[in-house]
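This briefing covers selected local features of one structure, grouped by topic. The sequence and the model come first, and the notes follow.

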Amino acid sequence: MEILLGKTLAELQTVAVAAGLPKFAGKQLAEWLYVRRVRSFDEMTNISLKGRETLKASYSIGRHSPIAHADSADGTKKFLFEADGQFIESVYIPEEERGTLCVSTQAGCKMGCKFCMTGTLGFHGHLSAAGILNQIFEVDAVVSSDGRSGGLTNLVYMGEGEPMDNIEHVLRSLEIMTAGYGCAWSPKRITVSSVGVITGLKWFLAESDCHLAISLHNPFPAERQAIMPAEKMCSIADVVALLKQYDWSHQRRVSFEYICWAEVSGHAGNTSPRHAKELLRLLRGLPCRINLIRFHGGNEQFRTADEKTMEWLLDYLTENGVTTTIRRSRGEDILAACGQLVATYGGDKA
Ligand code: SF4
C-alpha cells in the first residue's frame, strides 16, 4: 500500500483527483498530514466519506509510533523506530531555549568513518521522506505532550546515515518541513550534515536554504582518509573549493564539525599547532564557523583531547578570525551522543 506521508502538494493534488476528489482536496490532505498531523483518514473530516474510503483502499498515512525510548540523566531522549523495514534511532536534545531533534536519514551508513559506531553497522537502506518525517512528527508529539517542553524548535540531520547519499528523500522532507503548504518552518532552524558527498551537496546547495555542517575532523587529506574513507571519493579540498563558490551572505550558514583527538592509532591526533594552521589555510576566505566536539569514546584507537588542548584550539582559531565553539556532548549514558547510534536497545517500551 502506498504511503501519503512524504508526498508534496503537487503529488497530493494528483492523488486527490485520482480518488475522484477536486484538485483543492490536495491542499486539504497536506493540511491534515503536515499541520494537524493526523494518523487516520477518519480524522479528515472535510474530505467526503466516499473520498476517504477511496483513499483508504490504496493508501496508508505512514505514521508509526516509536518502538522504544531511553532517557539520559541530562534530559536527552533516544527513540527507536522501525522505518522502511529497518530499525533506526533519533535523539531529542532539550536545552533552555530550544528542543533539537537529531534525525536519521539511512539505516546504518556506507561512509565507514572509523570513529563512528554507526559506521561499523554498514549500510542497511535509505529512509524514505516518510521515514524521516515520521521521526520528526512522532518525537514532537511525545515531547510536546509532557507539558514541560515547548516541543521541537530545531532539527539536525546528523543521526544515522549520510544525508547527501540519500539526497532525493532528504530534499523532499526538507521541502515539506519548510513549505507554506507543509510545516512552514524557517530553513534556518534546520541543519543538514555531510562528510562531503559532492553530487548530493551541489543539489542541496541549489534546492534548499537550510544550514550545512561538514564533518571535517582533519585538514590533511592522508590523515583524514585514514579515519574517513569517503575522503578518497570526495576530498575535503574539493568540498571546500565548492563551498567557496557559493554565496553565503543570505544568513545561510556553513559550519565544520571537528572531533578533537589527542591520539589516533598511536599517532598524534588532530589538535596540534600544525593541524590548527592547516585548518586556517584550508578555510581561508570562507565565512564559516568551527564546532569543536569532545570525543566520547567507543573506539580504543581514538583518545580524546583534553580540555586544555581544546581551549587552546578554540582560542587560536578565534584569534585568527574563525568563529569557533566547543560543543557539549549530550546523552552519552544512553549511547545517544554524536556517532553512537547503532539501533541496539536498552530502553523502555514507548
Ligand atoms: Fe556515516 Fe556520519 Fe557515522 Fe561517518 S560519522 S559513518 S557519515 S553516520
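Apart from its neighbours within four places in sequence, Ser-215 makes contact with Ser-194, Val-195, Arg-224, Met-228 and Glu-257. The model is a predicted one. The points below take up Ser-215 and the ligand shell, then a helix pair, two buried residues, the aromatic pairs and two loop residues with positive phi.

**Ser-215 and the ligand shell**

- Ser-215 belongs to strand 11, which spans residues 211-215.
- The relative accessible area of Ser-215 is 14%, and Ser-215 counts as buried because the value is under 20%.
- Val-195, one of the contacts of Ser-215, is also among the residues around the ligand.
- The other residues around the ligand are Cys-109, Met-111, Gly-112, Cys-113, Cys-116, Gly-119 and Gly-161.
- By class, this shell has five nonpolar residues, three polar residues and no charged ones.

**Helix 10 and helix 11**

- Two packed helices are described by the angle between their axes and by the distance between those axes.
- For helix 10 (residues 273-283) and helix 11 (residues 307-319), the angle is about 30° and the axes are 11 Å apart.
- The crossing of helix 10 with helix 11 is right-handed.
- Helix 10 contributes Pro-273, Ala-276, Lys-277, Leu-279 and Leu-280 to the contact, and helix 11 contributes Trp-312, Leu-313, Tyr-316 and Leu-317.
- Eight of the residues in this contact are nonpolar, one is charged and none is polar.

**Glu-278**

- Glu-278 is also located in helix 10.
- With a relative accessibility of 14%, Glu-278 is classed as buried.
- Beyond its neighbours within four places in sequence, Glu-278 is in contact with Pro-219 and Phe-220.
- Pro-219 and Glu-278 are separated by 59 residues in sequence, while their C-alpha atoms are 6.2 Å apart.

**Leu-55**

- Leu-55 is part of helix 3, and helix 3 covers residues 49-58.
- The relative accessible area of Leu-55 is 0%, and the residue is buried.
- Setting aside neighbours within four places in sequence, the contacts of Leu-55 are Val-15, Ala-19, Leu-21, Leu-29 and Phe-41.
- Leu-4 and Leu-55 are 51 residues apart in sequence, with a C-alpha to C-alpha distance of 9.5 Å.

**Aromatic pairs**

- There are eight aromatic pairs in the structure.
- One of them joins Phe-295 and Phe-302 in a tilted arrangement, with ring centres 5.8 Å apart and 50° between the planes.
- This pair counts as tilted because its angle of 50° falls neither under 30 degrees, which would be stacked, nor over 60, which would be edge-to-face.
- Both rings belong to buried residues: Phe-295 has a relative accessible area of 6%, and Phe-302 has one of 7%.
- Phe-295 and Phe-302 are linked by ring pairs with Phe-115 and Trp-261 into a cluster.

**Positive phi in loops**

- Arg-37 is not a glycine, yet its phi is positive at about 55°.
- Arg-37 sits in the loop between helix 2 (25-35) and helix 3 (49-58).
- Gln-251, likewise not a glycine, has a positive phi of about 65°.
- The loop that holds Gln-251 lies between helix 9 (236-245) and strand 12 (254-264).
- Gln-251 is classed as exposed because its relative accessibility of 68% is over 50%.

Technical notes: Residues numbered from 1 in each chain as written. Predicted model: local features only at pLDDT ≥ 70, side-chain atom pairs only at ≥ 80, totals over all residues. Heavy atoms only, no water. Axes fitted to C-alpha atoms, helices over the stretch in contact; angles between N-to-C directions. Helix = DSSP H or I, 4+ residues; strand = E, 2+ residues; numbered from the N terminus. Left-handed = near helix turned anticlockwise from the far one by under 90°. Contact = heavy atoms within 4.5 Å. Nonpolar A, V, L, I, M, F, W, Y, C, P; charged D, E, K, R; others polar. Buried < 20%, exposed > 50% of the residue type's maximum accessible area, 1.4 Å probe, protein only. Near = heavy atom within 4 Å. Phe/Tyr/Trp six-rings, centres within 6.5 Å; stacked < 30°, edge-to-face > 60°.
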